[in-house]
Each structure stands twice: as C-alpha cells, then as structure tokens.
Amino acid sequence: MKQVYLDNNATTRVDPLVLEAMTPHFLQDYGNASSIHEFGQQAREAVETARQAVADLIGCLPKEIVFTSGGTESDNTAIRGIAAGHSGKGRHLITTTIEHPAVLRTMEQLEEEGFQVTYLPVDRQGLIRLEDLHASVREDTILISIMHANNETGAIQDLRAVGRLAREKGILIHSDAVQSAGKIPVDVNDLGVDLLSLSAHKIHGPKGAGALYIRHGVEMNSLLLGGSHERGRRGGSLSSVREIGS
Ligand SMILES: *Cc1c(COP(=O)(O)O)cnc(C)c1O
C-alpha cells in the first residue's frame, strides 16, 4: 500500500536540492566559519550566501539575521532577550492563547520570574480581536508576541494592524512566522515587525536549523553565551549547512 504523508506542519522531508547543497559542507568544506584559514573562509562564504538568501526571503538586511538551532530557539531568544534587555522600561508582555509551546512555555517561565503576561483569546476564526489588543496595552508593555500563521488551524493574523498599533505605542513586536515564511509573502517591513522566528524543517530544510530576524537597532540580551559569533548575539560555532529551504 502506498503511504501518504499529510503532516507537513509537524515537519517536512528534506528537499533533494537542499541535501545536495548541504552535502559538500560535511565532507569537503567542513571548516569552522570563524577560522581565518582557507577552510574557514570557504565555510564563512557559504554561511553568508545562506544569510543573504534568508534575508531575501523576508525582505531584510543580512546583518539582521541570526542563525539558530530552529524555531524553538528563535522564539526563546526573541522573548527572553527582549524581556531581559528591556525590564528597566517595564515587565509586561502581550501574546495569544494559541501560540506554539516555544512561546507559551517561555512566557509562563517569565511570569514565574516576576513578569506579567496578557494572553489574548481568539474568535471562532482563530483570530485575535484588535480591540482586545488595544485594551491590553499598558505603560509598562515591552513586547507583543503574536504568531503569523497558526500550526494547527492555519489562521493568519493581521500582523500589519498589530504592527501599526505597536509602532504608535512604541512597543516592540515579535512574530513566530515558522508556518508562514516560504508559503505566503512575509516581508518584515510590510508587516512592521521587529523580531521574526523562522525554522528550516517546516519548509523542506533540515531539522535543527532556523533563524531569528532582529531589526537593526533593537537592543537585546543574547540567550547563548560563548564566542563572539553572530555579532555577539549568539555564541556557538556556525553550521554552514543552514540553508533555509531551497
Ligand atoms: C514547529 C514550530 C516551532 C518550533 O520549531 P523547531 O524548529 O521545531 O524548534 C515553532 N513555532 C511554530 C509555529 C511551529 O510550527
């Protein structure tokens, strides 16, 4: 019997073109992208080519992309990084009840650490109401984190409207775009978001690879401390096989 796989929102098969692009980096061009010798520099070139491709996908500058180990790390880093870096301004965050656990568990842990979180409900269409968002904004709100497309219902939030409100109030906005990027147009300037999470394995890339967009000028603490990789925003030797999709 022919088997049919219908769970692409959980994960996808790696595209043969992605595998083909990755293979040389395991066997030949395996240098450390931070090393100054030729092996390292070749790896660095591959990383920067991938960074440009990711930047093109979401309409940002390459220097605004930090490579991560996936959507979970991107979500954790965005939320904890902003919470830690901006707690002097306030300790209130806004999110929704339908976020991926990578966002919800992070928010819950922040609550245990003394932050306050408002969880916006959704209507029968799976969408938040902008009036609810308006009403939940406070003087001490530092971050709004609202996913773009939901992994279970497919509902797509009106991030543009959220972005407008956030800009008016001077609040940073993060969006988990793991289920939308590569499927529908995602342009960070059009949507007006400051931080955006991506994952490769939901769009035919490898598991364990992702990216976080951080708008130029946004100050935040890094989650992983180590070397000065990724402009000091994430410690750890770079993988040169982080092609996001193909
Ligand atoms: C899969 C998924 C994640 C987690 O991504 P990983 O790369 O598996 O860590 C986060 N958010 C959404 C919406 C997802 O579907």
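This passage describes the ligand site, two helices and several single residues of a predicted model.

The ligand site comes first. The ligand has 13 residues around it, and the nearest are T72, D176, Q179, S199 and K202. Three of these nearest residues are treated here through their polar side-chain atoms. For T72, a side-chain N or O atom is 2.6 Å from an oxygen atom of the ligand. For Q179, the corresponding distance from a side-chain N or O atom to a ligand oxygen is 2.7 Å. S199 also places a polar side-chain atom 2.7 Å from an oxygen atom of the ligand. Taken alone, the ligand exposes 380 Å², and the protein buries 88% of that area. The shell around the ligand contains eight polar residues, three charged residues and two nonpolar residues. Helix α4, residues 71–86, gives the most to this shell, with three residues.

Two residues of helix α4 can be followed further. G71 is found in this helix. Its relative accessible area is 11%, and buried means under 20%, so G71 is buried. Beyond residues up to four places away in sequence, G71 touches V178, L198 and S199. G71 and V122 are 51 residues apart in sequence, and their C-alpha atoms are 22 Å apart in space. E73 also lies in helix α4. With a relative accessible area of 10%, E73 is buried too. The contacts of E73 are T68, L224 and R234, leaving aside neighbours within four places in sequence.

S199 links the ligand site to a strand. The residue sits in strand β6. S199 is buried, with a relative accessible area of 5%. Outside its neighbours within four places in sequence, S199 is in contact with G71, V178, A209 and G210. The contact between S199 and G71 joins a residue of strand β6 to a residue of helix α4.

Helix α3 covers residues 38–58 and has 21 residues. From first C-alpha to last, α3 reaches 31 Å, close to the 30 Å expected at 1.5 Å a residue. The buried residues of α3 are G40, A43, A46, V47, A50, R51, V54, A55 and I58. An α-helix has 3.6 residues a turn, so residues three or four places apart point the same way. The buried residues of α3 pack against two other helices, α2 (24–27) and α8 (188–191). They also pack against the strands β1 (65–68), β6 and β7. E45 lies in helix α3 as well. At 58% relative accessibility, E45 counts as exposed, because the cut-off for exposed is over 50%. E45 and L159 are 114 residues apart in sequence, and 34 Å separates their C-alpha atoms. After α3 comes G59, which has a positive phi near 70°.

Helix α5 runs over residues 101–112 and has 12 residues. At 1.5 Å a residue, α5 should span 16 Å, and its end C-alpha atoms are 16 Å apart, so the two values agree. The buried residues of α5 are A102, V103, L104, T106, M107 and L110. Among the elements that cover these buried residues are α4, β2 (92–96), β3 (116–120) and β4 (141–145). Helix α4 thus appears both here and in the shell around the ligand. G114 follows α5, and its phi is positive, near 100°.

Positive phi values also occur outside glycine. Most residues other than glycine have a negative phi. H204 has a positive phi of about 70° although it is not a glycine. H204 lies in the loop between β6 (195–199) and β7 (210–214). With a relative accessible area of 33%, H204 is partly exposed. R231 is another residue other than glycine with a positive phi, near 55°. R231 belongs to the segment after β7. R231 counts as exposed, at 60% relative accessibility.

Notes. Residues are numbered from 1 along each chain as its sequence is written. This is a predicted model: local features need pLDDT of at least 70, side-chain atom pairs count only at pLDDT 80 or more; totals for chains, interfaces and linings use all residues. Side-chain values use heavy atoms; hydrogens and water are left out. Helices (H or I, at least four residues) and strands (E, at least two) are DSSP runs, numbered from the N terminus. Buried means under 20% relative accessible area, exposed over 50%, partly exposed in between (1.4 Å probe, protein chains only). The expected span of a helix is 1.5 Å times one less than its number of residues. Contact means heavy atoms within 4.5 Å. A residue is near a molecule or strand if one of its heavy atoms lies within 4 Å of it. A polar contact is a pair of N or O atoms within 3.5 Å; within protein, one must be able to donate a hydrogen and the other to accept it, and residues adjacent in sequence count only if both atoms are side-chain atoms. Accessible areas come from the Shrake-Rupley method with a 1.4 Å probe; for residues, only the protein chains shown count as cover. Ala, Val, Leu, Ile, Met, Phe, Trp, Tyr, Cys and Pro count as nonpolar, Asp, Glu, Lys and Arg as charged, and the others, Gly among them, as polar.
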